[in-house]
Amino acid sequence: MSEAQVVMVDGNKDLPLHCPTNKTPSWNSHPRVFLDVAKTGDAKCPYCGTEYKLTPGTEPHGH
């Protein structure tokens, strides 16, 4: 099993966050799931285990 990635998320431009992201190759895709990093500053994808962390100093903007 491969090690999970850690992806830094910019709260100004990367939200709402979903996995897989638009940058994920199609061969490595799974059903899209939206992740909430705004409350705790991090989230983990239940499908692939990729960890997303909010970049320090960025704040999510409400919609």
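Which residues is C19 in contact with, leaving aside its neighbours within four places in sequence? In this predicted model, the partners of C19 are H30, P31, R32, V33, L35, C45, C48 and Y52. The report returns to this residue after a description of the chain.

**The chain as a whole**

The protein chain contains 0 helices and 5 strands, and its elements follow one another in the order β-β-β-β-β. Its radius of gyration is 12 Å, close to the 11 Å given by the globule rule for 63 residues, so the chain is as compact as a globular protein of that length. The C-alpha trace extends over about 35 × 20 × 15 Å along its principal axes.

Of the 63 residues in the protein chain, 29% are buried. Among the contacts with a separation of 6 or more, 44% are made by residues 24 or more positions apart. The accessible surface comes to about 4,800 Å², and carbon and sulfur atoms contribute 51% of that surface. The chain carries 6 positive and 7 negative charges, and the mean positions of the two sets are 5 Å apart.

**The annotated span**

An unreviewed UniProt entry assigns the annotation "domain: Zinc finger CHCC-type" to residues 19-52. In the model, this span is 0% helix and 26% strand. The C-alpha atoms at the two ends of residues 19-52 lie 9 Å apart.

**Two buried residues**

C19 belongs to strand β2, which comprises residues 17-19. T50, by contrast, is found in the loop between β4 (42-44) and β5 (51-54). Their relative accessible areas are set out below.

| Residue | Relative accessible area |
|---|---|
| C19 | 3% |
| T50 | 9% |

Residues under 20% relative accessible area are classed as buried. C19 has a value of 3% and therefore counts as buried; T50, at 9%, is likewise buried.

The surroundings of C19 include H30, P31, R32 and V33, together with L35, C45, C48 and Y52. A further distance concerns S29, which is 10 residues from C19 along the chain: the C-alpha atoms of C19 and S29 are separated by 8.7 Å.

For T50, with neighbours within four places in sequence again left aside, the contacts are A4, Q5, V7, A43, K44 and C45. C45 is thus a contact of C19 and also a contact of T50.

Technical notes. Residues numbered from 1 in each chain as written. Predicted model: local features only at pLDDT ≥ 70, side-chain atom pairs only at ≥ 80, totals over all residues. Heavy atoms only, no water. UniProt positions renumbered as here; feature names shortened; annotations may be inferred. Helix = DSSP H or I, 4+ residues; strand = E, 2+ residues; numbered from the N terminus. Rg over C-alpha atoms; globule rule 2.2 N^0.38 Å. Buried < 20%, exposed > 50% of the residue type's maximum accessible area, 1.4 Å probe, protein only. Contact = heavy atoms within 4.5 Å. Areas by Shrake-Rupley, 256 points an atom, 1.4 Å probe, with all protein chains shown as cover. Lys, Arg positive; Asp, Glu negative; His and termini not counted. Charge placed at Lys NZ, Arg CZ, Asp CG, Glu CD.
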